[in-house]
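Okay, thanks everyone for coming. I'll take you through one structure today, so have a look at it while I talk.

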Amino acid sequence: MGNSFKTLTVWVMFAVLLLQQAPVLIRATDPDPLQDFCVADLNSEVTVNGHPCKPASAAGDEFLFSSRTSSGGDVNANPNGSNVTKLDVARWPGVNTLGVSMNRIDFAPDGTNPPHVHPRASEIGVVLCGELLVGIIGSLDSGNRLYSRVVRAGETFVIPRGLMHFQFNVGKTEATMIVSFNSQNPGIVFVPLTLFGSNPPIPTPVLVKALRVDAGVVELLKSKFTGGY
Ligand SMILES: *[C@@H]1O[C@H](CO)[C@@H](O)[C@H](O)[C@H]1NC(C)=O
Ligand SMILES: *[C@@H]1O[C@H](CO)[C@@H](O)[C@H](O)[C@H]1NC(C)=O
């Protein structure tokens, strides 16, 4: 009797503790850092949730600065008409464990950052030059609503974690934006590539049924995405 009462008390305390922590767990994206910084050792063979730290002596202040966003890539080198200059942990080891990262994206006129999702981060961005149509599609909770606006130089936007979104250059000149994420490694799921360029491919009958088109249409779309872009 006494013992089972003790067991019950322990379980109740455990449940209360768990509930107290729940809001924190729900808000969390990347885990909180336990030290000032932990410059990623990208060559380590140790696999952890992130990357192990370089020894402090090998982590100079250059790891906390980057000039990659000072210039953009070639926007005409691929069919999207855009070029992403990534600054996630793989390119900027200094952000390891800090729960942040950035991208610079340049767009040709009519260039697009195709519909995609970041599974691990919300995104906040500023347009540096040009005019970008930014579209965000809500989940079914919103009735699948498209939220969109032409965002111009100096203006900003925010994209909730996990929602599908795109940018499209509606201006006559090149456009550039800088975006930040609340994850060192936001991840990206491109919708066209996911549906039509997976490896191995999604069986055609699945896509025929899901998209309500002929197999020929599915095969045509698949042929556009074999090999990445
Ligand atoms: C982005 O631009 C760089 C040149 O700045 C080029 O080497 C690279 O291939 C481009 N990337 C894509 C995917 O088009
Ligand atoms: C272009 O878009 C496709 C998805 O439509 C994506 O798979 C590919 O990585 C993109 N390429 C570049 C260079 O951004």
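Let me start with asparagine 103. Leaving aside residues up to four places away in sequence, asparagine 103 touches Val84, Thr85, Lys86, Leu87, Met177, Ile178, Val179 and Phe181. Before I go on, keep in mind that this is a predicted model. Asparagine 103 lies in strand 2, and its relative accessibility is 9%, so we call asparagine 103 buried. Its side chain also gets to the backbone nitrogen of leucine 87, at 3.4 Å.

Why begin there? Well, the UniProt entry, an unreviewed one, has a "binding site" annotation that covers Asn103, Asn113, His118 and Glu123. Those positions span 21 residues in sequence, but no two of their C-alpha atoms are more than 14.0 Å apart, so they gather at one spot.

Next one on that list is histidine 118. You'll find histidine 118 in the loop between strand 3 and strand 4, the latter being 123–129. Buried or exposed, would you say, for histidine 118? Histidine 118 is buried, with a relative accessible area of 5%. Its contacts, again not counting residues up to four places away in sequence, are Glu123, Arg161, Gly162, His165, Phe181, Pro186, Gly187 and Ile188. Glu123 in that set is also in the UniProt annotation. And there's a polar contact of 3.3 Å between the side chains of histidine 118 and histidine 116.

Now for Asn113, which takes us to the sheet. Asparagine 113 stands opposite glutamine 167 in strand 8. Strand 3, residues 112–117, pairs with strand 8, residues 164–169, in the antiparallel sense, and the pairing runs over 3 bridges. Zooming out, the open sheet has 5 strands in the order 6-5-8-3-10, with antiparallel pairing. What stands at the edges? Strand 6 and strand 10, the latter being 189–190, and each has a single partner strand, so one side of each is left without a neighbour in the sheet.

Okay, salt bridges. How many does a search of the whole structure find? It finds 3. One of them ties into the sheet I just described: arginine 152 and glutamate 131 meet through their side chains, at 3.6 Å from N to O. That pair links distant parts of the chain, with arginine 152 in strand 6 (residues 146–152) and glutamate 131 in strand 5 (residues 131–137), 21 residues apart. Arginine 152 comes out at 43% relative accessibility, so partly exposed, and glutamate 131 is partly exposed too, with a relative accessible area of 30%.

Then we have aspartate 106 with arginine 104, where the closest N and O atoms are 2.8 Å apart. Aspartate 106 and arginine 104 are both buried. And then aspartate 88 with arginine 91, at 3.0 Å, N to O. That pair is mixed in terms of exposure: aspartate 88 is buried at 9% relative accessibility, while arginine 91 counts as partly exposed at 39%.

On to the cysteines. The structure holds 1 disulfide, and it joins cysteine 38 to cysteine 53, with the sulfurs 2.1 Å apart. What hand does it have, going by the torsion about the S-S bond? That torsion is about -105 degrees, so the disulfide is left-handed. Cysteine 38 and cysteine 53 both sit in the loop between helix 1 (2–27) and strand 1 (82–87), 15 residues apart. Cysteine 38 is buried at 2% relative accessibility, whereas cysteine 53 is partly exposed, with a relative accessible area of 36%.

Last bit: backbone oddities. As a reminder, most residues other than glycine have a negative phi, and most peptide bonds are trans. Here, a cis peptide bond joins asparagine 199 and proline 200, with omega about 0 degrees. Proline 200 is in the loop between helix 2 (191–196) and helix 3 (204–211).

For positive phi, take threonine 97, with phi near 70 degrees. Threonine 97 is in the loop between strand 1 and strand 2, the latter being 101–107, and it's partly exposed, with a relative accessible area of 25%. Aspartate 110 also has a phi near 70 degrees. Aspartate 110 sits in the loop between strand 2 and strand 3, and at 57% relative accessibility it counts as exposed.

That's my tour, so over to you for questions.

Note on methods
Residues are numbered from 1 along each chain as its sequence is written. Chains are lettered from A and ligands numbered from 1 in the order in which they are written. This is a predicted model: local features need pLDDT of at least 70, side-chain atom pairs count only at pLDDT 80 or more; totals for chains, interfaces and linings use all residues. Side-chain values use heavy atoms; hydrogens and water are left out. A salt bridge is a side-chain nitrogen of Lys or Arg within 4 Å of a carboxyl oxygen of Asp or Glu. Buried means under 20% relative accessible area, exposed over 50%, partly exposed in between (1.4 Å probe, protein chains only). Helices (H or I, at least four residues) and strands (E, at least two) are DSSP runs, numbered from the N terminus. A disulfide is a pair of cysteine sulfur atoms within 2.5 Å. Two strands pair if DSSP finds at least two bridges between them. UniProt positions are given in the numbering used here, feature names are shortened, and annotations may be inferred rather than shown by experiment. Contact means heavy atoms within 4.5 Å. A polar contact is a pair of N or O atoms within 3.5 Å; within protein, one must be able to donate a hydrogen and the other to accept it, and residues adjacent in sequence count only if both atoms are side-chain atoms.
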